[in-house]
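Grab a pencil and work through these exercises on the fold shown here. Each task comes with a solution you can follow step by step.

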Amino acid sequence: MQKYLLLVIVGLGLTASAVYLVVAKPVAAQTEQSSVVFNADGTMQLPTGFRKWVFVGAPLTPNGLNNGKAGFPEYHNVYVEQKNVDAYLKTGEFPEGTVIVKELTRVLDPTFPDGSRKEPSGRGYFNGEYNGIDLTIKDSKRFAKTNGWGFFTFGHHPLPYDKTAAEKPVTECAGCHIANVAATDMTWIQFYPLLRDKKGY
């Protein structure tokens, strides 16, 4: 009788452990997959950890080459999560939930009228101070009116950035993407050799 009771207790213990692992594991996986957080009012919280993602490129449109009136006179340092880069290289499209972060940096202390400066490597443009974050996320249901992508800005100013951001109006961000890069999943793929040429790494 004691042996039978012992077997029952061990069996129940193993069953409870198995149930715990089955239930707990998906919760952990869901937490790891979450790269942005939406608030109840639809605003988004400032993302973290994106500088550890894949750096895909840094276009620059300085004031010095745009009559002093560049729309974005900074470097656009662009980051995408590894899993979404891999998916794009395989399929030519970003999966649902893809987040693309564009962190802006000013050009470093210009000394010439065109905004450039001279360094040991030569005359050119170099990254200066952080100056803002723009973010886009692919969610075909939430952002159906803007080709499945939502656009957010956490301020165009030095650190610290805004802690939350509301979706930007179509006229501020999405409209330009729809007009110019709708055919490449609403993304300026032509600026990022890693994505454009799909040669892998």
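**Exercise 1.** Find the residues nearest the centre of the largest pocket, then work out what lines it.

*Solution.* Start in the middle: Phe-72, His-76, Lys-102, His-177 and Trp-188 lie nearest the centre, out of 24 lining residues. A pocket here is an open set of points on a 1 Å grid over the protein atoms alone, where a 1.4 Å probe fits, with protein on both sides within 12 Å along at least five of seven lines; lining residues have an atom within 4 Å of a point.

Next, the elements: β3 (75–80), β4, β7, β8 and α3 (174–181) each give two or more residues to this lining. Helices (H or I, at least four residues) and strands (E, at least two) are DSSP runs, numbered from the N terminus. With three residues, β7 gives the most.

Before moving on, note that this is a predicted model: local features need pLDDT of at least 70, side-chain atom pairs count only at pLDDT 80 or more, and totals for chains, interfaces and linings use all residues. Residues are numbered from 1 along each chain as its sequence is written, and side-chain values use heavy atoms, leaving out hydrogens and water.

**Exercise 2.** Trace the open sheet and say which strands stand at its edges.

*Solution.* Five strands run in the order β2-β3-β4-β7-β8, with antiparallel pairing (two strands pair if DSSP finds at least two bridges between them). β2 (54–57) and β8 (149–153) are the edges, each with a single partner strand, so one side of each has no neighbour in the sheet.

Now zoom in: seven bridges join β4 (residues 99–107) to β7 (residues 127–138). Val-99 stands opposite Ile-137, and Ile-100 has Thr-136 as its bridge partner.
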